[in-house]
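Let's take a walk through this one, going from a helix to a few side chains and the charged pairs. Keep the viewer open as you read.

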Amino acid sequence: TPRHAADLIVFGGTGDLSMRKLIPALYHCDRDGRLADETRIIALSRGGLTDADFRGKVDAEARPVPQGEDDEGWQRFLRRLHHVSVDVGGSDRSGWGALSRLLAGYEDRDRVFYLASPPMTFGPFCREAHEAGLVTPRSRVVLEKPLGRDLASAQAINDEVGAIFDERQIFRIDHYLGKETVQNLLVLRFANAFLEPVWNSLWIDHVQITVAETVGTPGRRGYYDHAGALRDMVQNHLLQLLCLVAMEPPSRNDRESIRDEKVKVLQSLRPIVGSEVDRFAVRGQYTAGDGVPGYLDEPASTPPTEISHRVETYAAIRAEVKNWRWAGVPFYLRTGKRMPTRRSEIVVQFKDVPHAIFPGATPNRLVLRLQPSEGIHLLLMAKEPGAGDVTLRPVPLSLSFAETFQSRVPDAYERLLMDVMAGNPTLFMRRDEVEAAWRWIDPIIETWEGSGALPEPYPAGTAGPAGARELLARSGRTWHEED
Ligand code: BG6
């Protein structure tokens, strides 16, 4: 059902995230009838575009369906779009005046400020929007990741934004929480009875969380040099996945209960500090391979600097959740650019049977595949047909979402944008969560940045540095690759 009319104001509205993700997601929401007729989408950027220019740009660069498909719907969507040039942090306030005129008379609508911009703009944007009188009681603000670059900067941003908006109005987005399989993980765990008795250190040997990407960082060095895999992926996406695997059952599916349980997990992570960093964390940087350049030779507007040499495009960490349920169960996290295949998954590996009577049994594994081909697979031991010796083989019991539900899998941003419009923050990160995540990440980054060593090189198109294999091999384990 269409919700009431809203004004969605996207700062960074002509940028990469907006054009690649937000605009297509909003179009699909519109097509599914989930935007009220009067809902407007107002892009803010420095470029002096008119509404017509912006609509033309979106039509040319961000049309998510081919010409000939839903032409009428696409035209209706384009008419929702507006553009206002705003200079945040500058002395020229005329843009805010133009935005005020566009919003005048619509104060009782839901108003969503979506900040798809670098984190240092979050504070100034909120302050200037407030000074322009645009922050109404029905306003909300969405903060894109990364929220700062360490605990101190995250706290400073949270304070600045918190001076203008209440915590209830602040939506810190982590788009992994909007992915279908990720939400399904909660359903799998908390709407089925059979897993809970074995979901602990008695039965689970370890957990692997992998987010492997084939893309590199062409044209992104300006951002990536100051991020690296730990800040770009682990602090947010991978730790959120870890939380959902490890959290205790919440008592309700409401805005705070799930977040309360997640933050407890983050607070239970065993700190990795000083000399332990070398034992429990591995970093790599891709070099040329597979017909593509290495990180340092990716096209960029400026040549690589000393910082570029130190930045990790791959990270693997052995984490531990120190509580009653999980003590002694390693959670291995890994993520990398320029991996051989795009694959994101959570693998829960069970222990060996207590007493083996058949030779050749391997432990059960539950694989939650986030992308591509979303699904859940439980690897069970089965007997190969035959009258001879008993031969065992792991066979997957599989749930493929595409086959089972035969419907389009919505992009994570569709779900999350609609949640913001409806004022539902369950799948967004609370201040204490973001800060707890930085508190755990900071000492690892500090050790890496303070060390003279560089990340281990790995050729593009290979599975990451040798150190990542050793991280598991030390305890007789291996990374789970394709089935
Ligand atoms: C973003 C990171 O948050 O997530 C990117 O900044 C990364 O570096 C992207 O490529 C991955 O998202 P997805 O949805 O494609 O797995």
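Some vocabulary before we start: a residue is called buried under 20% relative accessible area, exposed over 50%, and partly exposed in between. Also keep in mind that what you're looking at is a predicted model.

Start with helix H3, residues 71-79, where Gly73, Trp74, Phe77 and Leu78 are buried. Look down the axis of H3 and these buried residues fall within an arc of 140 degrees, so they line one face of the helix. Turn to the face that points away from that buried side, and you'll find Glu72 and Arg79, both exposed. What sits over the buried residues of H3? The cover includes helices H1 (16-31) and H2 (51-61), along with strands E2 (40-45) and E3 (81-85).

Now jump to helix H14, residues 412-422, which is mostly covered, with 9 of its 11 residues buried. Among them are Tyr413, Leu416, Leu417 and Met418, but also the acidic Glu414 and Asp419. The elements packed over the buried residues of H14 include H1, strand E1 (6-11), strand E4 (110-115), strand E5 (139-143) and E6. Just past the end of H14, Gly423 takes a positive phi of about 75 degrees.

Glu414 deserves a second look: at 1% relative accessibility, it counts as buried. Where does its charge find a partner? Glu414 forms a salt bridge with Arg34, and the closest N and O atoms are 3.9 Å apart. Glu414 lies in H14 while Arg34 is in the loop between H1 and E2, so the pair ties together parts that are 380 residues apart in sequence. Arg34, at 27% relative accessibility, counts as partly exposed.

That's one of 47 salt bridges found in a search of the whole structure. Another joins Glu167 to Arg172, with the closest N and O atoms 2.8 Å apart. Here the acid is partly exposed, as Glu167 has a relative accessible area of 34%, whereas Arg172 is buried at 1%. Then there's Glu276 with Arg270, where the closest N and O atoms are 3.2 Å apart. Glu276 is buried at 18%, and Arg270 counts as partly exposed at 25%. Salt bridges can share partners too: they join Glu256, Arg259, Asp260, Arg430 and Asp432 into one network.

Next up is Lys179, in the loop between strand E6 (170-172) and helix H7 (180-190). Is this lysine buried or exposed? At 13% relative accessibility, Lys179 counts as buried. Its side chain makes a polar contact of 2.7 Å with the side chain of Gln371. Leaving out residues up to four places away in sequence, Lys179 touches Leu370, Gln371 and Ala412. Lys179 and Pro410 are 231 residues apart in sequence, yet their C-alpha atoms are 8.2 Å apart in space.

Glu128, in helix H5 (residues 122-131), is also buried, at 5% relative accessibility. A polar atom of the Glu128 side chain lies 2.8 Å from the backbone nitrogen of Gly89. Beyond its neighbours within four places in sequence, the contacts of Glu128 include Asp87, Val88, Gly90, Arg93 and Trp96.

Finish on the surface, where Ile357, Phe358 and Val390 form a nonpolar patch with about 300 Å² of accessible area together. Val390 is in the loop between strand E13 (375-383) and strand E14 (392-400), and is partly exposed, with a relative accessible area of 39%.

Note on methods: Residues are numbered from 1 along each chain as its sequence is written. This is a predicted model: local features need pLDDT of at least 70, side-chain atom pairs count only at pLDDT 80 or more; totals for chains, interfaces and linings use all residues. Side-chain values use heavy atoms; hydrogens and water are left out. Patches are made of residues with over 30% relative accessible area and no salt bridge: like charges are joined within 9 Å, nonpolar side chains (Val, Leu, Ile, Met, Phe, Trp, Tyr) within 5 Å. Accessible areas come from the Shrake-Rupley method with a 1.4 Å probe; for residues, only the protein chains shown count as cover. A salt bridge is a side-chain nitrogen of Lys or Arg within 4 Å of a carboxyl oxygen of Asp or Glu. Helices (H or I, at least four residues) and strands (E, at least two) are DSSP runs, numbered from the N terminus. Buried means under 20% relative accessible area, exposed over 50%, partly exposed in between (1.4 Å probe, protein chains only). The arc is that of the directions from the helix axis to the C-beta atoms. Contact means heavy atoms within 4.5 Å. A polar contact is a pair of N or O atoms within 3.5 Å; within protein, one must be able to donate a hydrogen and the other to accept it, and residues adjacent in sequence count only if both atoms are side-chain atoms.
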